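Colleague: I should be grateful for a close look at one part of this model, the packing of its helices, followed by whatever can be said of the ligand surroundings and of individual residues.

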Amino acid sequence: REMEFDLRQAVRNGELVLHYQPLVDAGRCAVSGFEALMRWEHPTRGFLSPSVFIPLAEEIGIIEEMGAWTLQTACREAASWSSDLSVSVNMSPIQFGSATLLQDLDRALAESGLDPKRLQIEVTESVLMHEGDRTIGMLRAMRERGLTLSMDDFGTGYSSLGYISRFPFDKIKIDQSFVRDLRRPENIAIVRSIISLSRALNMNVLAEGIETREQMDILINEGCTDMQGYFFAKPRPATDIAGVVAEID
Ligand code: G
Ligand code: G
Ligand code: MN
Ligand code: NA
């Protein structure tokens, strides 16, 4: 419960930061944008991962405030990057229950002046499991503003193929668990079927968690349009953006 107290202070104290990991266009072999990944610089425990504190933030009811902060910060920071780079923000299902989500979004766009076309939102299949109609309404409203929408971690969790047909996402992100060991025939089969599904549905398809050149070569050969992973770069502070682009392009 000590951590709960600390987390309530974290936004106010400026202890949250965004790190950014590049998304690479397979065709051009160039950086197309960056995914924002939140980090909490705890005063005594060092950098904490969102997989630890996001569930806590949801539980204690401050995820809306944190989500608004993420949108604001990601849009503001991305507005100063080269105008051909996108920024991706993760949103949890709880945020879609927030009455102020669209207001928070509009405020972040207005304050930063970021072209809405450069903002991508990443959601997992689980957002469509509960309050599906309400969520689809919100996704439509985002689409009307010009945002790009990605289905994150595809193939994991309690996923049903039905969810992907409920909304025309722009991109599917293949979960890194399938990319990790492509020598397993089961994983290659799953990757192939996700790629073929994405083609049939007219969506781009990104492979997450690429750590080796061998994985990259296999996934390009299979037809992935986009790539992400430690092989290109780990998530790094905003000050490293230009350096990461220069290294990869
Ligand atoms: O970067 P890392 O592997 O530690 O991220 C762990 C998880 O936290 C990922 O599933 C990622 O989608 C999620 N995450 C990272 N940043 C944010 C954020 O700003 N908001 C939400 N809702 N989830 C985030
Ligand atoms: O759930 P989501 O896909 O948003 O979270 C992505 C998470 O995966 C981030 O926490 C990020 O730090 C992590 N990640 C990104 N690339 C790699 C990689 O190549 N290998 C591993 N093990 N993790 C990665
Ligand atoms: Mn993501
Ligand atoms: Na993911």
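Modeller: In this predicted model, the axes of helix α3, residues 63-78, and helix α4, residues 101-112, approach to within 9 Å and cross at roughly 25°. An angle under 35 degrees counts as roughly parallel, and α3 and α4 are therefore roughly parallel to each other. The crossing in which α3 passes α4 is right-handed. On the α3 side, the contact is made by Gly67, Ala68, Leu71, Gln72, Cys75 and Arg76; α4 contributes Asp104, Leu105, Ala108, Leu109, Glu111 and Ser112. By character, the residues of this contact divide into six nonpolar, three polar and three charged.

A second helix pair is formed by α1, residues 2-10, and α2, whose axes come within 11 Å and cross at roughly 85°. Angles of 65 to 115 degrees count as roughly perpendicular, so α1 and α2 are roughly perpendicular to each other. Here Met3, Glu4 and Leu7 of α1 meet Phe53, Leu56 and Ala57 of α2. Five residues of the contact between α1 and α2 are nonpolar, none is polar and one is charged.

Helix α2 leads on to ligand 1. The largest share of the shell around ligand 1 comes from α2, which supplies three residues. Both β2 (30-42) and α2 (50-59) provide at least two residues of that shell. The residues around ligand 1 are Leu37, Met38, Ser49, Pro50, Ser51, Ile54, Thr70, Asn90, Met91, Ser92 and Pro235. Six of the shell residues are nonpolar and five are polar, with no charged residue in the shell around ligand 1.

Pro235 is also listed for ligand 2: 13 residues surround ligand 2, and the closest are Gly209, Glu211, Gly229, Tyr230 and Pro235. The shell around ligand 2 is made up of four nonpolar, five polar and four charged residues.

Three individual residues may be examined in turn, beginning with two whose backbone angles deserve attention. Most residues other than glycine have a negative phi. Aspartate 153, which is not a glycine, has a positive phi of about 50°. Aspartate 153 is found in strand β6, residues 148-154. There are 20 other C-beta atoms within 10 Å of aspartate 153, and this residue is therefore buried, the criterion being 20 or more such atoms.

Asparagine 202 likewise has a positive phi, near 65°, and is a residue other than glycine. Asparagine 202 is found in the loop between α8 (185-200) and β8 (204-207). With 9 other C-beta atoms within 10 Å, asparagine 202 is exposed, because a residue with 12 or fewer is placed in that class.

The last of the three is asparagine 221, which lies in helix α9, residues 213-222. Asparagine 221 has 8 other C-beta atoms within 10 Å and is therefore exposed. The C-alpha atom of asparagine 221 is separated by 40 Å from that of isoleucine 63, the two residues being 158 apart along the chain. Returning to the helix packing, the contact of α3 with α4 includes three charged residues, whereas the contact of α1 with α2 includes one.

Conventions: Residues numbered from 1 in each chain as written. Chains lettered and ligands numbered in written order. Predicted model: local features only at pLDDT ≥ 70, side-chain atom pairs only at ≥ 80, totals over all residues. Near = placed C-beta within 6 Å. Nonpolar A, V, L, I, M, F, W, Y, C, P; charged D, E, K, R; others polar. Axes fitted to C-alpha atoms, helices over the stretch in contact; angles between N-to-C directions. Helix = DSSP H or I, 4+ residues; strand = E, 2+ residues; numbered from the N terminus. Parallel < 35°, antiparallel > 145°, perpendicular 65-115°, else oblique. Left-handed = near helix turned anticlockwise from the far one by under 90°. Contact = placed C-beta atoms within 7 Å.
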